[in-house]
Structure formats: C-alpha cells, structure tokens
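Open the model in your viewer and set it to a cartoon view. The stops below are in the order in which to select them.

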Amino acid sequence: MLTPVLATITLVTLWFLVFVCMHVFGLRSGRDNAQWLVRSYAASFAAMLASVVVLSMWCDFGLMLLLSVLVAALTSACLFVLYVPAVYTILTSLSVATLVLLRRSGGRLPEASLYDRFASRRIMQQRLCVLVRAGHLVPDTCGFSITSRGRAVAHAFAFVKRLWRLGPGG
Amino acid sequence: MTLIYVACLIGVASAWFVTSADLGFLAQSLLIEPPWLDLSLMLFFFSAAFFGGVLQLYNLADRGLSLRILIDFAEADSRIIDTDWLIANYGNGKGLAWMYGKRIAGMLETNLVERKAEMIELTSKGVRAAAVLSAVRRFLRLEPPS
C-alpha cells in the first residue's frame, strides 16, 4: 500500500533524478559547475516541495502534510550531500586525474613525469583562479592576498584540522 | 572510520528498537507508517549524515588542496603571496611535491597503482577503476573522446 510518506519519498526521488539530469546536461554543455549545481538543485528542491504540498492536499493527507514536507526536505538534502562529493571527486580529484592519465598513456608512466604534471605551477595557478572566482583571494600586482571571507574559511578548517590532529594535511 | 560508522549504526538501530514510536509525546500525525519505513529512513538519514557530512568534512580537512592553500595564506607572515612561494611552502612548508606524494601513496596503499623501478603502473584494480572514471569523464565531456 502506498502510504503518505512512501508517496512523498517516491516524489522526492523523481525530482532528484530530474536534478541529476539537469546538472549532467549543464556539465555537458560546459556551464560553470558550482553555479549550475546550486541553481538546478534550488529549482528542483522548490518544485519538489510544491509537488509534495499539492499531493498532500489532493490525497487529503491532513496533518500528515507537515511530516511529508519534513521527510521530503530531509531526504532531498541527504541525497544532495551524497551526490555532491561524488561529483567533485570526478571533476577535481588529482588521484582520479592520475588514474585517467595513466590509462590514456597505456597504463604506465615515469613517476617524475606525473610529478611534473600534477605537482606543477599550472595546477597551483588553476586552484588560485578558482579561489579568486570564489572570492577567497584577490589578485595583486605581486601575487595574491586573502580576503576576510577566505580568512574565515581558513580559520574554520585550521580549527577542524587541529581538532582531528591532521597535521599539515592537504 | 568504518568501525565508528558500524558502531554508531548499531547504537542508533538499538535506540530505535527500545524506544516507543511516539517517544511518549509525538502526535499520531507525525509518526511514519509502516515501521520498516521509519527504520529505513532513520538509517538512511544517519548514513547520509555520516558519509556526506562527517566523512566529507574529514576528507576536506585532510586532503583539501584549495583549503590548504587558504590556510597557508592565512598563516603566512606576508600579506601578499605569489605562486612560487606557494609551490615551495604549500602545506606549512612541505611543498607541492609533498602533496602529490600523498596522492601517490594513497593510490599505492589502495592497490590502484604499483611502483616498478621509476615507473608508476596501473594494477588490474586500477585499470578497472580508471576505465569507469574515464567513461564518466568522457560522458561529462571532460575528456577528449578516445
């Protein structure tokens, strides 16, 4: 039997699949990942909540509406926090990029050439550009300086590192 | 981490079994029926909070390249920092090569690659993983078609 919560979860799953399709379509079209990720998720989240409210009213779930909305929001948020790290691993992980490069090069490469490619100035400049676009750094004539927003993030994660005793990390 | 997850999972599942569904104060309209769905949802929410929350925070703090760059900026004596200084002093003075050495060590540890003389070579597990990752990256148009 389709209970109100089961019906809600089915709706959430369908809307999350719509979001994944939208996000993948955006990535394939070369859109800016972070911006497109947030926009497409916000749109599908709003549509999902509206669908849950309409379904609850249509099926006369009564007071179950509150529970349905809570379960829908929580389930969608959980799916999102599981999806995003997987996407970012594929997009930005140096280990993933190394495995893919090794495969393209016949399965083996000199260790020194991997260091030349991945511990390089180009990789550092790419990351600095990402941090500038995110508003954490600002370019200067002689280099870069950290913004107050960047400093807040740095202090927060330095605290987490100390808490877990992770050492320099990175 | 896996041990912590399993131990906590057993703890929350035990708490679910020994407590009443309404916890003594919840209205009937706020109870999820049937009970198996209530338990499944609780386990899913807990797992998502662990793998998508705590574990990701740990991974970011331990391996985040961009975050480490920000921390190096925040902890540096100078206000202005250039790329050369960062390459040499990344990771509290360890340098960018140290960062990549950690990645190689991680891949060796998980048996995705092996070191043969001066070469790094994919293992059979690495070949399978690389094939899947390449296919996904090609599908997302991040790689040139093979």
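## The hairpin of chain B

This is a predicted model. Select E1(B) and E2(B): the two strands form a hairpin with 2 residues between them. In the turn, Ala117(B) has a positive phi of about 55°. The pairing of E1(B) with E2(B) is antiparallel and runs over 4 bridges. To see one position in it, show Arg115(B), which stands opposite Ile120(B) in E2(B).

## Across to chain A

Keep Ile120(B) on display and add strand E1 of chain A, residues 108-110. Which residue of that strand stands opposite Ile120(B)? Leu109(A) does. Ile120(B) therefore has a strand partner in each chain: Arg115(B) and Leu109(A). The strand of chain A and E2(B) run antiparallel and are joined by 3 bridges.

## The side of chain B that touches chain A

Now select every residue of chain B that is in contact with chain A. There are 67 of these in chain B, and they meet 64 residues of chain A. Helix H2 (35-63), helix H3 (65-75), helix H4 (83-93), helix H5 (96-109), strand E1 (113-116), strand E2 (119-122) and helix H6 (124-139) of chain B each supply at least two residues of this side. Which element gives the most? H2(B) does, with 14 residues. Color the side of chain B that touches chain A by residue class: 41 of its residues are nonpolar, 12 are polar and 14 are charged.

## Helix H3 of chain B

Next, select H3(B). Is this helix mostly covered or mostly open? H3(B) is mostly covered, with 8 of its 11 residues buried. Show the side chains of the buried ones: Leu65(B), Leu67(B), Arg68(B), Ile69(B), Leu70(B), Ile71(B), Asp72(B) and Phe73(B). Two charged types appear in that list, Arg68(B) and Asp72(B).

## Chain B as a whole

Finally, hide chain A and zoom out. Chain B has 6 helices and 2 strands, and along the sequence these follow the pattern α-α-α-α-α-β-β-α. The radius of gyration of chain B is 23 Å, well over the 15 Å that the globule rule gives for 146 residues, so chain B is more spread out than a compact globule. Turn the C-alpha trace of chain B along its principal axes, where it spans about 65 × 45 × 30 Å. Buried residues make up 20% of the 146 residues in chain B. Of the contacts in chain B between residues at least 6 apart in sequence, 15% join residues at least 24 apart.

Terms used:
Residues are numbered from 1 along each chain as its sequence is written. Chains are lettered from A and ligands numbered from 1 in the order in which they are written. This is a predicted model: local features need pLDDT of at least 70, side-chain atom pairs count only at pLDDT 80 or more; totals for chains, interfaces and linings use all residues. Two residues are in contact if their C-beta atoms, placed from the backbone, lie within 7 Å. Two strands pair if DSSP finds at least two bridges between them. The radius of gyration is taken over C-alpha atoms; the globule rule is 2.2 Å times the number of residues to the power 0.38. A residue is buried if 20 or more other C-beta atoms lie within 10 Å of its own, exposed if 12 or fewer, and partly exposed in between; C-beta atoms are placed from the backbone.
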